[in-house]
Amino acid sequence: MRLNMMLALLVAALFAASLLVGKAWVPLDAWWSGDPRWAIVTQLRVPRALLGLLLGAALGLSGAVLQGWLRNPLADPGVLGVSSAAALGAVAALVLGVGSQWGVFAAAMAAAVGAMALLAALTWRAESPAAFVLAGTVLASLAAALTAFLISIAPNPYVVAEVIEWLMGALTDRGPDDLLHAAPFMLGGAALLLATGRSLDALTLGRDAARSLGVDLRRLQALVILGTGLSVGAGVAVTGVVGFVGLVVPHLLRPLVGARPSALLVPSALGGAALVLGADSLCRLVPGTGEVRLGVAMAMIGAPFFLALLLGERGRSWG
């Protein structure tokens, strides 16, 4: 409880900071003095900060749930190909002319849910959770290849430029409409994921032991698939691909909460929100006329972290 309170205070502080910082700083006295810069806060930075909060919470929570469900510390929506599949769905909608925002949302979420269902179908007989991760990496590579193929055959160069920029992942220029479109699905997916906590605790004893304790594994699988698909799919549809949040945050917090997966869910959601809000604020402070894309910044943080985890896992298996 104390950890959750500290993380909540950190999220609140970073949320407030995200309203102040940027290429144009908005000091506190401008908030009540009628300064015209106040419009920057209300129209641009509040929706952007709320979207960053929801995105980080969804990614952190989904990473913690996937790691508990698969009993694999390397599980993450990006590593398993869920984010790549959602991006493929959204890119297909853009390239094929389904340019409405609802069309892009529906395609991204359908692709994310379909990717999770496909991975579950391909690996349901496998005893080792590593089979799911291996299948996910194959799916991620296939989705990336199909996305590149769609970009290469796109007839409109303006769509190609838009897609390439969007794929880098960013909260730049996201407004109230984006927030209103994404928030219901991300919150709904998060609610489904939070409902898995007690079942994940039982699953740590093994599938047979979990069944003997009354856990419905099919229901658990459905909650994980739908919750991850809705939350990650909606996030990708509105921000593009932002990876590694669900990998980094649970690993940083697990030593503080212990081995129970259910104890990690809420801290991972809060930690993910803090990480995305902080990273997005730093992206705006980089010198230059433009901003570093959030997806690029998270990849620079997450890729070395993932490599270190992978080497650590290999070292333990060899030892």
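The following paragraphs lead through a predicted model, taking helix packing and two individual residues in turn.

A UniProt record provides a starting frame. Its unreviewed entry annotates as "transmembrane region" the residues 46–66, 78–98, 104–124, 131–159, 179–200, 220–249, 261–282 and 294–312. Two of these stretches can be set against the model. Over residues 131–159 the chain is 90% helix and 0% strand, and the C-alpha atoms at the two ends stand 37 Å apart. Over residues 220–249 the chain is 83% helix, again with 0% strand, and here the end C-alpha atoms are 23 Å apart.

The packing of helices may be followed from the N-terminal helix onward. Helix H1 spans residues 2–20 and packs against helix H12, residues 261–285, with axes 9 Å apart and an angle of about 25°. Since angles under 35 degrees count as roughly parallel, H1 and H12 are described as roughly parallel to each other. H1 passes H12 in a left-handed crossing. On the H1 side the contact is made by Leu3, Asn4, Leu7, Ala8, Leu10, Val11, Leu14, Phe15 and Ser18; these meet residues of H12 including Val266, Pro267, Leu270, Leu277 and Arg284. The residues of this contact between H1 and H12 comprise 13 nonpolar, 5 polar and 1 charged.

Beyond H1, the chain enters the loop that leads to helix H2 (38–70), and Lys23 lies in this loop. With a relative accessibility of 42%, Lys23 counts as partly exposed. Its contacts, neighbours within four places in sequence set aside, are Arg45, Arg284, Val286, Pro287, Gly288, Thr289, Gly290 and Glu291. Arg284 also belongs to the H12 side of the contact between H1 and H12. The C-alpha atoms of Lys23 and Pro287 are separated by 8.7 Å, although these positions lie 264 residues apart along the chain.

Helix H2 in turn packs with helix H7, residues 176–194: their axes come within 10 Å and cross at roughly 25°. H2 and H7 are therefore roughly parallel to each other, and their crossing is left-handed. From H2, residues such as Gln43, Pro47, Leu50, Leu51, Leu54, Leu55 and Ser62 take part; from H7, the participants include Pro176, Leu179, Met186, Leu187 and Leu194. This contact of H2 with H7 divides into 17 nonpolar residues, 2 polar and no charged.

A further pairing has another geometry. Helix H3, residues 82–95, packs with H10 at an angle of about 55°, the axes being 9 Å apart. H3 and H10 are therefore oblique to each other, and H3 passes H10 in a right-handed crossing. Val82, Ser83, Ala86 and Ala87 in H3 meet Thr228, Val232, Gly233 and Val236 in H10. Of the residues in this contact, 5 are nonpolar, 3 polar and none charged.

Helix H10 covers residues 217–239, and Thr239 lies in this helix. Thr239 has a relative accessibility of 0% and therefore counts as buried. Apart from neighbours within four places in sequence, Thr239 is in contact with Leu51, Leu55, Trp166, Gly169, Ala170, Leu171 and Arg174. Leu51 and Leu55 also appear among the H2 residues that meet H7. The C-alpha atoms of Thr239 and Gly295, 56 residues apart along the chain, are 9.0 Å from each other.

Key. Residues are numbered from 1 along each chain as its sequence is written. This is a predicted model: local features need pLDDT of at least 70, side-chain atom pairs count only at pLDDT 80 or more; totals for chains, interfaces and linings use all residues. Side-chain values use heavy atoms; hydrogens and water are left out. Axes are lines fitted to C-alpha atoms, for helices over the stretch in contact, and angles run from 0 to 180 degrees between N-to-C directions. Helices (H or I, at least four residues) and strands (E, at least two) are DSSP runs, numbered from the N terminus. Angles under 35 degrees count as roughly parallel, over 145 as roughly antiparallel, 65 to 115 as roughly perpendicular and the rest as oblique. A crossing is left-handed if the near helix is turned anticlockwise from the far one by less than a right angle, and right-handed if clockwise. Contact means heavy atoms within 4.5 Å. Ala, Val, Leu, Ile, Met, Phe, Trp, Tyr, Cys and Pro count as nonpolar, Asp, Glu, Lys and Arg as charged, and the others, Gly among them, as polar. UniProt positions are given in the numbering used here, feature names are shortened, and annotations may be inferred rather than shown by experiment. Buried means under 20% relative accessible area, exposed over 50%, partly exposed in between (1.4 Å probe, protein chains only).
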